[in-house]
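Me: Please take a close look at one part of this model for me. I would like to understand the annotated binding site and what lies around it.

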Amino acid sequence: MRVSYEWLGTMVDLPADPADLVKELIRTGTEVEAVERVGADLENVVVGRVVSCEPHPDSDHMHVTQVDVGDLNTDAEGNPVPLQIVCGAPNVVDAECVAVAMIGAELPGGVKIKKSKLRGVESCGMNCSQRELGIGSEHEGGIMLLPADAPVGMPIADYLGIADTVLDCEITPNRPDCLSMTGFATEVGAVLEKPVAVELPDIQREVRPASKDLVTVAIDDPELCSRYVARVVKDVKIGPSPEWLAQRVTAAGSRPINNVVDVTNYVMYLTGQPLHAFDLGKLKDRDGKRSIVVRAAREGEEIETLDGQVRQLTPDMAVITDGGETPVALAGVMGGMNSEIDDTTTEVLLESACFSPGHTSRTSRDLGLMSEASIRFERQVDAAGCAEVADIAAALFEACCGAEVCKGAVDVYPEPVTVEPITLRPSRVRQLCGADIPTDFMVACLARLGCAVVPGKPGMPIEVVPPTTRPDLTREIDLVEEVLRLWGMGYVEPSIPAARNHTGGLTEEQRREKLIGATLRESGLNETLTYNFATSGDLERLRMTDDGRGDAVAILNPLTSDQGEMRRSIVPGLLRSVAYNIDHGVPDVALYEQGRVFFGRADQAQPDEPHYVAAVYSGQWRQDGWDQRFEPFSFFDAKGAVEQLAAALKIERLRFKTANPEKYPWLQPGRAAEVLVGKERIGWCGNVHPLALADFGIDAEVVAFELDQDKLLAHAQEFRAYEDIPTLPGVEVDLALVVGEDKDYETVVQRVKSAGGKLLDDVRLFDVYRDPVRVGPGKKSMAFALTFRSPDRSLTSEEVDKTMGKLVQKVQRSLGAEVRG
Amino acid sequence: MGMIEELEAVRERAQAGIGEAGTLDALDAVRVAVTGKKGELTALMRGMGRLSPEERPLVGKRANEVRQQVEAWIASRREELEAAELARRIEADAVDVTLPGRRPVVGHEHLISQIVDEITDIFVAMGYTVADGPYVETEYYNFTSLNAPADHPSRSPRDTFYVADPTDPQPGSLVSDVLLRTQTSPVQMRVMEAEKPPIYMISPGRVFRPDTADANHLPQFTQIEGLVVDEGITFADLKGTLDHMTREIFGKDRATRYRPHFFPFTEPSCEVDVSCGVCHGEGCRFCNHTGWIEILGCGMVDPNVFGYAGIDPETYSGFAFGIGAERVAALRYDLPDLRMLMTGDMRFLRQF
């Protein structure tokens, strides 16, 4: 909403500096997005008196003028001296006062005024025409001539009265009243605690035939249109608007078109009621009458709107039709080309109606067509005011278009608006606001907002009847808000609620979720965020089966095709981040994300949203340093992080099982593991398959894991039992076993442990060695450090040797292992 | 030569030898040569048996003196040599302390998580709980129960992502009342349905809106919702709580401003500005020359919302607020482009 400060000033007494009003508006809830000074572009253009005018010595049409601008131009001693200006306009010889653009002025057309020489004569400015000043079309006739008594040196914008400030205000959707100058003035009056007076024009004379003898109106469906007022004016003389009207309409943001259209726009800006003028002559004459029928559009119906576009209509949209047949306007949004006012129009049918907010809003949105009218109807127009507004417009047609006003109006208003009184408890206001706002203030501010207020006895509720222009005021709480914002939220003394009988804090699960993140960071991984959207086909590209991952949740209106559904795995997003890093010259990537995945279920409107945690590794921890070397990431970095997680969560039965390549086709066979706790599968860990990586544009190795965080957390424990710290020294013995490649570490260790008995305290693998000659083909040598210990005595070497001998024997038997010397 | 003279000679040789010993090994060789089992002094002392009983105590005494003296010289020379040796070692061990240190590899928390954690900590310290809700929501929880009018533009597909509803009897339907939540506010309703007042909760999480990603917008971002429902909650309580949060996040010296605004689910509603940290309210480029920066929306819970939740608005009142984590991040670090929060760029992540 563009608010002309000058116009507003005719309705309510305003502070001299618009900035002071802006502060008050912001304080009370009207956002001012911009403050525009109209006429500001005429800076350095002033009234000047032509003191002499001589023909240019070197030109047959130019003149050299001396133009007095008062003390705006002075000599070295500070005495005023006229400016010498070379002027090409023929009428300068008659000029007494002129509009002078001085050096430094920048005219609306972009012309910058500089000191120059014209055919050898110095010129220090320009005498301007109306067109050059951007305030009219006059140019051919020469420069603009001002009366001899024009005040020399006065800025031209002030002299011509075009200086204004326009406040560009953002009006919240609950305040349709503020989309009008009268409503805005009422708000400002309440904010500033000043009276508001709006002068409205009256119709001077009504003539016959009456509007009702010329027009019939029918509303098919009152849900589309709750009131339709039609008035006719005749003998209209289409022409340019008077200057004041053109200026107001311009300030409000419209381009002046002709007097009839400008009047409808002006009245809309004034009252907030959009109006439409039909050329009566273009509607079908039905026995001397025109017929207006408001109805729903028909499927497939079309209308060419005033912007020249042909619009396809749907039954949700309302149209104004000529007798129920041809649409002549798109109700509440824009008129039709076929009934447009043009230079030959003499009779006007004026529409002042109230269309449904919902239908207007959808029509405007569906057609991508927003207008000053649709913005207002969307937020609800005051049906109670339609007739009065039609009268105001008729009076202006009479005054500005030479029109004869036909008597009366046709007014179809099936269900007049009623406003219920609201009971306001001043004690409730004070209680909710936590501020000691006096009852008198409540009464006064609501009255200033246009409410009819009946104060009760002291301590008793107030009866409030809001004006029909305020559809947002229907409940006590709505009035509380009005009182609070006008009182000033800033004056409410802050306090902190006591929270009696309430305890807060994170739940155990929430603490553990955070622990997972902290542990992964301690393990060197960096947290990242990726989109919860996925590209359709992400799982296929990754070669990930949708086994257990439900159905894809499809977005019906995606922004881009690569965000068409919700993710079912975090890994594709992380792989995109790996690719991003590598593409940007960052080869070392270690990322994790904790987030949700979305598993659609056929029998659920909303999908399951389990929390997952996933990580990717590519490259190495960092580039080598002067005394630090890093290995390329391997399967065991990912596995180590998972082990660390389990340790942090005190999960005891974590296991890794070789993954079946058929079930885990996105992983590189041989470097792929299922992660289990006990018998429950909670995720996987492994090298991502090179073919999958290629499909994500990655030409590097990537190790990853993905765990179901909810399942992981279900196994977490708060405490782990204390174990005694050994007090007696252990005996360490090395053992190198040569076993077949088919024997995995888990099996070997388990056999060694069971063979070692109670005295075997610890088994640590410290080397794995392969050599076709020395170890043999298809075999590996695994070297273990075994620690023997008894909790209650020191072991003798004989005891250890004996135990060791038995151990070797058993292990050889059960594993087919041989012991390397 | 008598024993005494011999002892004297040993003493002198030992003294010279000790003085000449430049290393601990050389010193040890001297020690062995003099006082070792086969040393000169030891040999001399062994020969004392050949002396007369008169001579013996004299020579014995002298021999002991020499021995002690030699041992003392060795000890003191050893100290000297050890000190020199240590000094040499220390000198050889010196490093260029300006060389880079050996830093452990530790990961970083994402900037947005840090902000969420920070805000969570502020409220948890005030006794709040942390609640959660689904990202794929129903229109009822995201809009209707929050008092959004049926025709509210925010419900349009231009402002809300809708998702296919598998239970829709018409498969392939393009109309759905299942959506990606556009705000964390639906958690308010879910919490009010599940719990009785007093409620003091916050709910951080992702929200989604169809805004094309650019420097200032992301189609997925992070909000922290807050809700308090209790007896006698006032607008003053809202202010006190949010003033506290604002100062904790932005600094004790920052002022707040409450501007009345409109939200369907709160009334009275307002937006909160914090004074600009760059110009301290004077007005600068950063705050668009207003001196203030908008940080959140809030208000008193609308009685209609209580109605949907089955809470009596005459007994209870409450306030709610929502703050954007990305906005806080952008303000605090003057980020030139929000999209860098989503790329996983290691150079970005490691900065925070």
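Reply: Here is a walk from the annotated site outward to the chains that hold it.

Keep in mind that this is a predicted model. Start with the record. An unreviewed UniProt entry lists D472(A), D478(A), E481(A) and E482(A) under "binding site". Such annotations may be inferred rather than shown by experiment. Two of these residues are described below.

Take D472(A). It sits in a loop of chain A, between strand β27 (462-465) and helix α14 (476-487). Is D472(A) buried or exposed? Count the C-beta atoms within 10 Å of its own. There are 20 others, so D472(A) is buried. The cut-off for that label is 20 or more. Now its contacts. Leaving aside residues up to four places away in sequence, D472(A) touches N174(A), R175(A) and D478(A).

That brings us to D478(A). This residue lies in helix α14 of chain A. Its count is 19 other C-beta atoms within 10 Å, and therefore D478(A) is partly exposed. Which residues does D478(A) touch, again not counting those up to four places away in sequence? They are D472(A), L473(A) and E267(B). Note the last name. E267(B) belongs to chain B, so the trail from the site crosses to another chain by the contact rule of C-beta atoms within 7 Å.

Now widen the view to the two chains. In total, 77 residues of chain B are in contact with 86 residues of chain A. On the chain B side, helix α8 (residues 235-250) gives the most, with eight residues. That side has 40 nonpolar, 20 polar and 17 charged residues.

Chain B itself is split by the domain assignment. Domain 1 covers 3-93, and domain 2 covers 111-136 + 182-349. The C-alpha centres of these two domains of chain B lie 86 Å apart.

Finish with chain A, the home of the listed residues. Chain A has 22 helices and 40 strands. Its C-alpha trace spans about 130 × 75 × 60 Å along the principal axes. The radius of gyration of chain A is 43 Å, while a compact globule of 821 residues would have one near 28 Å. Buried residues make up 44% of chain A, and D472(A) is buried too. Last, consider contacts in chain A between residues at least 6 apart in sequence. Of these, 69% join residues at least 24 apart.

How values were computed:
Residues are numbered from 1 along each chain as its sequence is written. Chains are lettered from A and ligands numbered from 1 in the order in which they are written. This is a predicted model: local features need pLDDT of at least 70, side-chain atom pairs count only at pLDDT 80 or more; totals for chains, interfaces and linings use all residues. Domain bounds come from an automatic or database domain assignment. Helices (H or I, at least four residues) and strands (E, at least two) are DSSP runs, numbered from the N terminus. The radius of gyration is taken over C-alpha atoms; the globule rule is 2.2 Å times the number of residues to the power 0.38. A residue is buried if 20 or more other C-beta atoms lie within 10 Å of its own, exposed if 12 or fewer, and partly exposed in between; C-beta atoms are placed from the backbone. Two residues are in contact if their C-beta atoms, placed from the backbone, lie within 7 Å. Ala, Val, Leu, Ile, Met, Phe, Trp, Tyr, Cys and Pro count as nonpolar, Asp, Glu, Lys and Arg as charged, and the others, Gly among them, as polar.
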